[in-house]
Amino acid sequence: MLSAIDQGLIYALLALGVFLTFRILNFADLTVDASFTTGAGTAATLISHGYSPWLGVVAGLAAGSLGGLVTALLHTKFKIDPLLASILTMLGLYSVNLRIMGRANTPLLNVETVFTPLRDHNLIGTWTSVAILAAIALAVKFAIDWFLSTNFGLAVMATGDNPAMASSLGVSTDVTKIVTLMLANGLVGLAGAVMAQYQGFADIGGGTGLILVGLASVILGNAVLGTRFMVLATLGVVVGSVLYRLVIYFALLWDFVKAQDMKLISAVLVVAALVLSQSKALRGAFSRLSPWRADKDAPEPMTVVPNRFSPLAETDAVSFSPDAADGLEDGTARETDRRTRGASSPPAAPVQRSAAAVTSSAGHLEGRAAEAAGTAAKPAGEPAPGAGQAVDDTEEAI
Amino acid sequence: MLRLTGVRKTFFAGTANERRALRGIDLNLPEGGFVTIIGSNGAGKSTLLNVIAGSLSVDEGSVVIAGQDITRLPEHRRAARIARVFQDPQAGTSPHMSIEQNLAVALARGGRRGLGRGVTPNRRRQFQDELASLGLGLEDRMRHRVGLLSGGQRQALSLLMATFTRPQILLLDEHTAALDPQRAELVLELTRRAIAEHNLTALMVTHNMEHALRMGDRLLMMHEGEILHQLDADQKAAADVSTLLELFGQAKGLLADRTLLS
């Protein structure tokens, strides 16, 4: 079980990258599947050629960020839709990864890795390794918190939240997108480089489906800790990543489940996370359990900038109310809230529509692309346009 | 301060949907000038503002601010000089960010955005003072997300974000159209104050003819991508809504004739 936590903490680096692109930048970046392998392959190749494992870690990060750069340039310079740009990069990187590795699987047996000192003392999969990896994951988490509190970080958040406004305030949205995509995929590459050394090999298929793992971690974590405070949102991502690995671990303990069922379990888990994060009952339960959830603010109407995952993107503004993570109010507040909104709240149609639009456009690509995009459209908590109105009414109007 | 020369913009050129949004606009605004712009839908009012702001590029002509030709500058590089408030209260602010974070993004208008902290204690005090000047009590809610504010509050905040860094030019695109009359009045009053206080050169597009007459020192009437009439301060003072309607009527007749003759 402790080695599952180890892995969860390593994949937390990837999940933090996914958090940056999907949640902060509102950019459906599927580059992750390939940039993870780029990081892993680069590190494994360097190490197996006798270079320092630490160089491998740094090179993995750099290689991953180059993957992000390609996607960012395709999107900003050639105006290719984020989803398509990242799928193109993912496709191309597969070949690049094979070139880097020179074969489909690069083993790291009997060579020195960053984990060798731990392994020599039989400390892998113990509380010691958990503590060390947790410290690393938290250090990255705090670095992201800091980044997002800087002037540049605020510009990144504004770019994701309202690109037209950001641009009108002098933010070069191209620059913020390029930097954030490089940073996010750098973290993904870093996760790959560390993971390759942890498990002792890099495999060309190692990154397949990881975008979903990252999203599942983000969704799980944000459902638990909320998104109201950035420090908790990023902590939630780390927690979510560990939770995800633990669920897989416990599922595999069951005799009926075989190792080849992993992908199916992953898919089911993501669906469950999505469904549960929309469930009012679950959110209510969390709000009672969690001390951070007591919230003075009224429930908030959310207005989401034009949905960038939709092919109708530029013109199609979608608005809906709090996403899962924002079900912060306590039980009574929720009750009042529901009454305020009245029975007339329209169903969350806009969200479904945008998700559907993406699914149809991306359907011929890979299933997981479509699913990821659907996820990215953010699980809407509650129904929509009316909600904002109701809140406005209760607000002290000016 | 702001000079437009022969500005033309055509959408979907060469297709069946071709629309000539601006057909040679010449405009010269002195520093501190405040123009209101009226015109029917599709007259090119918003296109004009978009061309000045840089969110649309011009096909022909030039845009010059304070002697500097900015025709080819992208929007974000013009932002140091040009600020704007949009019609939609949701467009001018970032809903998931707090009031103080929004202000911090606006404060960096035109400057470098580095890795210094966005919201420092000093800035927070500054924001508090600025918000207090709106008289809406927002200074006590600086950590609240902007998505929580009402339309009027958001629009007042947008206006503050647009003006408190003292840009040279302020573009107002029907910025009171989505508000009820009472809040529209309040936002107009805040607009008037901000423009006077910072001596801004301003362009205000509106569908409300009464507002167009009351605000500013010059009035433009646009139709089909052209400036049809200009009223200076004296003419504006003498005019009322019926005068404007009459001018509109003439404009339509004139154009109908032209269509027939051409």
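Student: Among contacts in chain A between residues at least 6 apart in sequence, what percentage join residues at least 24 apart?
Tutor: Keep in mind that this is a predicted model. Here we take the contacts in chain A between residues at least 6 apart in sequence, and then ask which of them join residues at least 24 apart. That share comes to 79%.

Student: And what is the matching percentage in chain B, for residues 24 or more positions apart?
Tutor: We start again from contacts with a separation of 6 or more, this time in chain B. Residues 24 or more positions apart account for this share of them: 68%.

Student: How many helices and strands does each chain have?
Tutor: Let's take the chains in turn. Chain A has 17 helices and 4 strands. For chain B, the count is 9 helices and 10 strands.

Student: Why can we call chain B as compact as a globular protein of its length?
Tutor: The globule rule gives 18 Å for 262 residues. Chain B comes close to that, so it is as compact as a globular protein of that length, with a radius of gyration of 19 Å.

Student: Which domains does chain B have, and how many Å separate their centres?
Tutor: The domain assignment gives domain 1 as 2-93 + 151-261, and domain 2 as 95-148. Across the boundary, 17 residues of domain 1 of chain B are in contact with 19 residues of domain 2 of chain B. Taken over C-alpha atoms, the centres of domain 1 and domain 2 of chain B are separated by 27 Å.

Student: What part of the exposed area do carbon and sulfur atoms supply in each chain?
Tutor: Chain A exposes about 15,700 Å², and carbon and sulfur atoms supply 68% of it. Chain B exposes about 11,300 Å², where carbon and sulfur atoms supply 47%.

Student: Is Ala202(A) buried or exposed?
Tutor: Find Ala202(A) in strand β2, residues 201-203 of chain A. Residues it touches beyond four places away in sequence include Ala40(A), Met101(A) and Ala196(A). Buried means under 20% relative accessible area. Ala202(A) has 1% relative accessibility, so it counts as buried.

Student: What about Gly205(A): which accessibility class does it fall in?
Tutor: Gly205(A) sits in the loop between β2 and α10 of chain A. The partly exposed class lies between the buried limit of 20% and the exposed limit of 50%. With a relative accessible area of 31%, Gly205(A) is therefore partly exposed.

Student: Which residues is Asn97(A) in contact with, leaving aside its neighbours within four places in sequence?
Tutor: Asn97(A) lies in helix α4, residues 82-101 of chain A. Asn97(A) is buried, with a relative accessible area of 2%. Leaving aside those sequence neighbours, its contacts are Ala34(A), Thr37(A), Thr38(A) and Ile204(A).

Student: How many residues of helix α1 of chain B are buried?
Tutor: The helix runs over residues 45-53 of chain B and is mostly covered. Among the buried ones are Leu48(B), Leu49(B), Val51(B) and Ile52(B). The count of buried residues is 8 of 9.

Student: Which residue follows α1(B), and what is its phi near?
Tutor: Step just past the end of the helix and you reach Gly54(B). The phi of Gly54(B) is positive, near 95°.

Note on methods: Residues numbered from 1 in each chain as written. Chains lettered and ligands numbered in written order. Predicted model: local features only at pLDDT ≥ 70, side-chain atom pairs only at ≥ 80, totals over all residues. Heavy atoms only, no water. Helix = DSSP H or I, 4+ residues; strand = E, 2+ residues; numbered from the N terminus. Rg over C-alpha atoms; globule rule 2.2 N^0.38 Å. Contact = heavy atoms within 4.5 Å. Areas by Shrake-Rupley, 256 points an atom, 1.4 Å probe, with all protein chains shown as cover. Domains from an automatic or database assignment. Buried < 20%, exposed > 50% of the residue type's maximum accessible area, 1.4 Å probe, protein only.
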